Amino acid sequence: MVDAPRTLEGITMMHDEPLSHYTFTKTGGPADLLAFPKNVAEVRALVDDARDQGLPLTVIGNASNLIVRDGGIRGLVLILTEMKTITASGNQVTAEAGARLIDTTEAAYQAGLTGLEFAAGIPGSVGGAVFMNAGAYDGEVCNVISSVDVLTREGELKTYDHRELKFRYRHSVVQDTGDVVLSATFTLKAGDKPVIRAKMDELNARRAAKQPLEYPSCGSVFKRPKGHFVGPMIQKAGLQGHIIGGAQVSKKHAGFIINLGDATATDYLDMIHLIQKTVKAKFDVDLETEVRIIGEPSQPK
């Protein structure tokens, strides 16, 4: 446990900061140290310092498809949302890791570029999208990302091309390497702006109609198992609307777990385990979580 706030080259690191202030579920325990780097130099200084101090290092994007356990996270946590510059040039859009995917899609539209419309409503960051090969409505970022700049845990700046990123369903190479995503370049195609906007509006309307956007949630909880749809299985298992503590299987979309107001991360995890157990018993299907689950369990009182 780190005992006090620290400042590194003008970067303030908050001590014992509740991550529930930042996660989309509004749950999660404290980070020993939390910093919001504003540029690559600050990320590098923080990564180097954590390595030199022997501190565990955890990197978080927009914390949308994430559950932080109630015991919090030891060591240093970096939230990259201050790194959000987006630029368009030719048929490419380059976005820093903390930029919202929604804003990156909007920048592509403004530049008259098509290919990112599927991501118009995905609330995650560009870094998170790279990390998990985010996708929706038959699109995935792997189809449009051409390169990604990263910082390795050893402090080396590196660029991955598309082939080196080893994308597959909800996975990329940075899950294996632990590299810190700094920015991504999307290679798109010239398109008709009214057509692009119409597609973005259509997908956002579909999302609003089907997903419980009015409640805190971690987004889609489970990966889609081959040959099955998660929401209908949960419905048929009789769990839609089920409540544990302050967490509920959404009545609007059974693939989502919402926070009714006072949920804990433990409530979320208990619900996930109940769904997995029940679906396995009823359908003999193993549900694998799509949501990233990190941190320590809560300590007994």
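S250 is found in the loop between β17 and β18. In this predicted model, S250 counts as buried, because its relative accessibility is 1%, where burial requires a value under 20%. Leaving aside neighbours within four places in sequence, S250 is in contact with P212, Q240, G241, F256 and I258. A further spatial relation of S250 is to G231: the two are 19 residues apart in sequence, and their C-alpha atoms are 9.8 Å apart in space.

The strands on either side of this loop belong to an open sheet of three strands, in the order β16-β17-β18, with antiparallel pairing. Its edge strands are β16 (243-244) and β18, each of which pairs on one side only. Between β16 and strand β17 (residues 247-249) there are two bridges, and the two strands run antiparallel. The register of this pair can be read from I243, whose bridge partner in β17 is Q248.

On the other edge, strand β18 comprises residues 257-259 and includes N259. N259 has a relative accessible area of 4% and is therefore buried. Apart from neighbours within four places in sequence, the residues in contact with N259 are T25, K26, T27, Y215, P216, G246 and Y268.

Beyond β18 the chain enters the loop that leads to α7 (265-283), and D262 lies in this loop. Is D262 buried or exposed? D262 counts as exposed, because its relative accessibility is 61% and the threshold for exposure is over 50%. When residues up to four places away in sequence are not counted, D262 touches G246 and D267. G246 also appears among the contacts of N259. D262 and S64 are 198 residues apart in sequence, with a C-alpha to C-alpha distance of 18 Å.

One of the contacts of N259, K26, directs attention to an earlier part of the chain. K26 is placed in the loop between β2 and β3. Although K26 is not a glycine, its phi is positive, at about 60°. With a relative accessibility of 49%, K26 counts as partly exposed. R170 provides a second case of a positive phi in a residue that is not a glycine, here about 55°. R170 is found in the loop between β13 (157-161) and α4 (174-177). With a relative accessible area of 11%, R170 is buried.

The loop that holds K26 leads into strand β3, which spans residues 30-35. Five of the six residues of β3 are buried, so this strand is largely enclosed by the rest of the structure. Strand β2 (residues 11-18) is joined to β3 by four bridges, and these two strands run antiparallel. Within that pairing, M14 stands opposite L34 of β3. Strand β3 also pairs with strand β6 (residues 73-79), in this case in the parallel sense and again over four bridges. Here L33 has L76 of β6 as its bridge partner.

Strand β6 has a further parallel partner in β4, to which four bridges join it. The position of this pairing is marked by V59, whose bridge partner in β6 is L78. In a regular strand the side chains alternate between the two faces of the sheet. Strand β4 (residues 57-60) has L57 and V59 pointing one way and T58 and I60 the other way. All of these residues are buried.

These elements form part of a protein with seven helices and 19 strands. How does its overall extent compare with that of a compact globule? For 301 residues, a compact globule would have a radius of gyration near 19 Å, and the protein agrees with this, because its own value is 19 Å. Along the principal axes, the C-alpha atoms fill a box of roughly 55 × 50 × 30 Å. Of the contacts with a separation of 6 or more, 64% are between residues 24 or more positions apart.

Buried residues make up 50% of the 301 residues. The exposed surface amounts to about 13,800 Å², of which carbon and sulfur atoms supply 50%. The charged side chains comprise 33 positive and 36 negative ones, and the centres of the two sets lie 7 Å apart.

Technical notes: Residues are numbered from 1 along each chain as its sequence is written. This is a predicted model: local features need pLDDT of at least 70, side-chain atom pairs count only at pLDDT 80 or more; totals for chains, interfaces and linings use all residues. Side-chain values use heavy atoms; hydrogens and water are left out. The radius of gyration is taken over C-alpha atoms; the globule rule is 2.2 Å times the number of residues to the power 0.38. Buried means under 20% relative accessible area, exposed over 50%, partly exposed in between (1.4 Å probe, protein chains only). Contact means heavy atoms within 4.5 Å. Accessible areas come from the Shrake-Rupley method with a 1.4 Å probe; for residues, only the protein chains shown count as cover. Lys and Arg count as positive and Asp and Glu as negative; His and the chain ends are not counted. The place of a charge is taken as NZ of Lys, CZ of Arg, CG of Asp or CD of Glu. Two strands pair if DSSP finds at least two bridges between them.
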